[in-house]
Amino acid sequence: MLVRLMYASRAVPAVDQEELVSILKKSKANNHKSGVTGALCFSEGIFIQVLEGGRSAVNQLYNRIASDARHADVVLLSYEEIEERRFAGWSMGQVSMQRLNPALLLKYSECAKLDPYAVSGKVSMALFEELVATAAIMGQ
Ligand code: FAD
């Protein structure tokens, strides 16, 4: 039984590039062990993360992440049972904002700014899917 979950959150001010690297390093190590895959996007203080894997592994991880003091306003954007993974190549990929075409953001939102609180979960997921298709994800 595979599921895919997507959430958004706001990083606390102390989260900088070094903290992000530490989160990604820990995520890759833990997720590899539990069979979880996905991608993490961090832009202007906002996180969007997609997690996919076994239902209990993903649910337990989401509960752990949601209580992490390094972010707040955690909002569940999407949760679905799936037949196959979309992020199978990444224990936790990082969305490269440098390689993100602003036109892609404009395609899905009112301005070229990543704001998952202003769009539907469906729209945020569609954006992620295009990022995978355009190979704007690092850390395979
Ligand atoms: P340890 O690393 O030993 O940590 C023990 C405790 O300390 C945990 O409660 C942890 O939350 C807390 N902690 C550790 N470092 C810090 C710190 N610098 N500041 C504050 N508290 C800290 N983990 C994953 O395994 N997979 C993921 O995909 C994943 N994605 C994340 C995405 C975001 C946006 C954030 C903020 C965190 C993410 N984490 C992820 C980290 C997760 O919240 C836990 O910190 C981690 O899973 C705990 O790992 P551990 O059990 O090995 O405990």
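## Exercises on a pocket, a helix and a cysteine

α1 is the top contributor to the lining of the largest pocket, giving five residues. Keep in mind that this is a predicted model.

**Exercise 1.** Work out which elements and which kinds of residue line the largest pocket.

*Solution.* Start with the space itself: the largest pocket holds about 300 Å³. Next, look towards its centre, where I23, S27, I65, D68 and R70 are the closest of the 15 lining residues. Then go through the elements: those that give two or more residues to the lining are α1 (17-34), β3 (46-54) and α2 (55-66). Finally, sort the lining by chemistry, which yields six nonpolar, five polar and four charged residues.

**Exercise 2.** Find out how the buried residues of α4 are arranged around its axis.

*Solution.* First get the helix in view: α4 covers residues 121-133, 13 in number, and spans 18 Å from its first C-alpha to its last, close to the 18 Å expected. Now pick out the buried positions, which are G121, S124, M125, L127, F128 and L131. Looking down the axis of α4, you will find these buried residues within an arc of 155°, so they line one face of the helix. To finish, turn to the other side of α4, where K122 and A133 are exposed.

**Exercise 3.** Decide whether C111 is buried, partly exposed or exposed, and name its contacts.

*Solution.* Begin by locating C111 in the loop between α3 (102-108) and α4. The relative accessibility of C111 is 42%. Partly exposed covers the range between under 20% and over 50%, so C111 counts as partly exposed. Last, check its neighbours: leaving aside residues up to four places away in sequence, C111 touches L105 and L106.

Notes: Residues numbered from 1 in each chain as written. Predicted model: local features only at pLDDT ≥ 70, side-chain atom pairs only at ≥ 80, totals over all residues. Heavy atoms only, no water. Helix = DSSP H or I, 4+ residues; strand = E, 2+ residues; numbered from the N terminus. Expected span 1.5 Å × (residues − 1). Buried < 20%, exposed > 50% of the residue type's maximum accessible area, 1.4 Å probe, protein only. Arc of directions from axis to C-beta. 1 Å grid on protein atoms, 1.4 Å probe; cavity = no way out; pocket = protein on both sides within 12 Å on 5 of 7 lines; lining within 4 Å. Points joined across faces, edges and corners; volume = space filled by probe spheres on them. Nonpolar A, V, L, I, M, F, W, Y, C, P; charged D, E, K, R; others polar. Contact = heavy atoms within 4.5 Å.
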